[in-house]
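Ready to work through a protein model by hand? Grab a pencil and try each exercise before you peek at the solution.

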Amino acid sequence: METFTTGETVVRRDVHRSGRVWSELALRVVCDTGETLVTACAPGAQARWPALYAKARDEGDRAVRTEAFEAMAAGEWELAPGMWQETELLLWKPAAAWFSVNAFFTAGGLRNWYVNLEHPTRRTEDGFDTLDLTVDLVIDPDLTTWTWKDEDEYAHVRRLGIVSDSEHQAVEYARTQVLAMLEERAGPFADADRWAAWRWEPNWPAPCLPDDREQTPA
């Protein structure tokens, strides 16, 4: 298994079951225990994502996001260059989990916690592969209140067949795991105060994607 050193640049890729890359984001390694990989990025980090998805972000139009998922189901999308903006991101990813725990920071500090439901990690030579399954859990900084997000999009990708029945079962179990972890203050929430005080290392430049990126997995 690939392991990474603190400060090293890695690439998170969301890979469709067809083998095509749906998106990728350059990150820097905060720590890597083998079982859990903690990475981060800051404004200026290079990314690539579907052109329709980028259009939806730019225009604030969720209807275009729906089109992007329909393109995914049809296997017809093109990637556009992008750049991480506005927040610093801290991403905690246990290898076998169907989720990652993220924290978003602004100049004022921790904005919120954010749990992505996604595929377990597959390590690659230059990072890791997963696939965002659209539904998310947004948690207030003090961990006292939370809400599920993008349930409508999750229902849509279920209808499109992007999320299979077996994947849906894994997502439902992951939901219970995440809520139990939050209630028990386990995982990253066991060190919530320490992680909440984290900030991007000022000596680290924003991470860049390697040149000549391909749309097939490693």
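The exercises below go from helix packing to the cores and then to single residues, and keep in mind that this model is predicted.

**Exercise 1.** Work out how helix 1 and helix 2 are oriented to each other.

Solution. Start with the general idea: two packed helices are described by the angle between their axes and the distance between the axes. Helix 1 covers residues 51-59, and its axis lies 8 Å from that of helix 2, at an angle of about 170°. Angles over 145 degrees count as roughly antiparallel, so that's the label for helix 1 and helix 2. Next, look at who touches whom: L52, Y53, K55, A56 and E59 come from helix 1, while helix 2 brings V64, R65, E67, A68 and A71. Sort them by class and you get six nonpolar, no polar and four charged residues.

**Exercise 2.** Now do the same job for helix 2 and helix 3, and add the handedness of their crossing.

Solution. First, find the pair: helix 2 is residues 62-74 and helix 3 is residues 151-160. Their axes are 10 Å apart and the angle is about 25°. Anything under 35 degrees counts as roughly parallel, so helix 2 and helix 3 get that description. As for handedness, the crossing is right-handed. On the helix 2 side, R62, R65, T66, F69, E70 and A73 take part, and they meet D152, E153, H156, V157 and L160 of helix 3. That contact splits into four nonpolar, two polar and five charged residues.

**Exercise 3.** Find out which way helix 4 runs relative to helix 3.

Solution. The axes of helix 3 and helix 4 come within 11 Å and cross at roughly 155°. Because that is over the 145-degree cut-off, the two helices are roughly antiparallel. Helix 3 supplies E151, Y154 and R158, and helix 4 supplies D165, H168, V171 and R175. In this contact, two residues are nonpolar, one is polar and four are charged.

**Exercise 4.** Track down R65 and decide: buried or exposed?

Solution. You'll find R65 in helix 2. Its relative accessibility is 14%, and buried means under 20%, so R65 counts as buried. Skip the residues up to four places away in sequence, and R65 touches Y53, A56, D150 and E153.

**Exercise 5.** Describe the largest nonpolar core, then zoom in on W113.

Solution. This core has 45 residues, and those with the most contacts inside it are L90, F99, V101, W113, V115, I139 and F189. Helix 4, residues 165-184, gives the largest share, with five residues. A separate second core has 18 residues, V10, L27, W49 and W84 among them. Back to W113: beyond its neighbours within four places in sequence, its contacts include V101, L137, I139, P141, L143, F189 and W195.

**Exercise 6.** Compare the surroundings of E86 and L143, each with a positive phi.

Solution. Begin with the background: most residues other than glycine have a negative phi. E86 has a phi near 75°, and L143 has one of about 70°. Now place them. E86 is in the loop between strand 5 (79-83) and strand 6 (88-94), whereas L143 is in the loop between strand 11 (132-139) and strand 12 (146-149). Last, check accessibility: E86 has a relative accessible area of 68% and is exposed, but L143, at 8%, counts as buried.

Methods: Residues numbered from 1 in each chain as written. Predicted model: local features only at pLDDT ≥ 70, side-chain atom pairs only at ≥ 80, totals over all residues. Heavy atoms only, no water. Core = buried A, V, L, I, M, F, W, Y, C linked by side-chain atoms within 4.5 Å. Buried < 20%, exposed > 50% of the residue type's maximum accessible area, 1.4 Å probe, protein only. Helix = DSSP H or I, 4+ residues; strand = E, 2+ residues; numbered from the N terminus. Contact = heavy atoms within 4.5 Å. Axes fitted to C-alpha atoms, helices over the stretch in contact; angles between N-to-C directions. Parallel < 35°, antiparallel > 145°, perpendicular 65-115°, else oblique. Left-handed = near helix turned anticlockwise from the far one by under 90°. Nonpolar A, V, L, I, M, F, W, Y, C, P; charged D, E, K, R; others polar.
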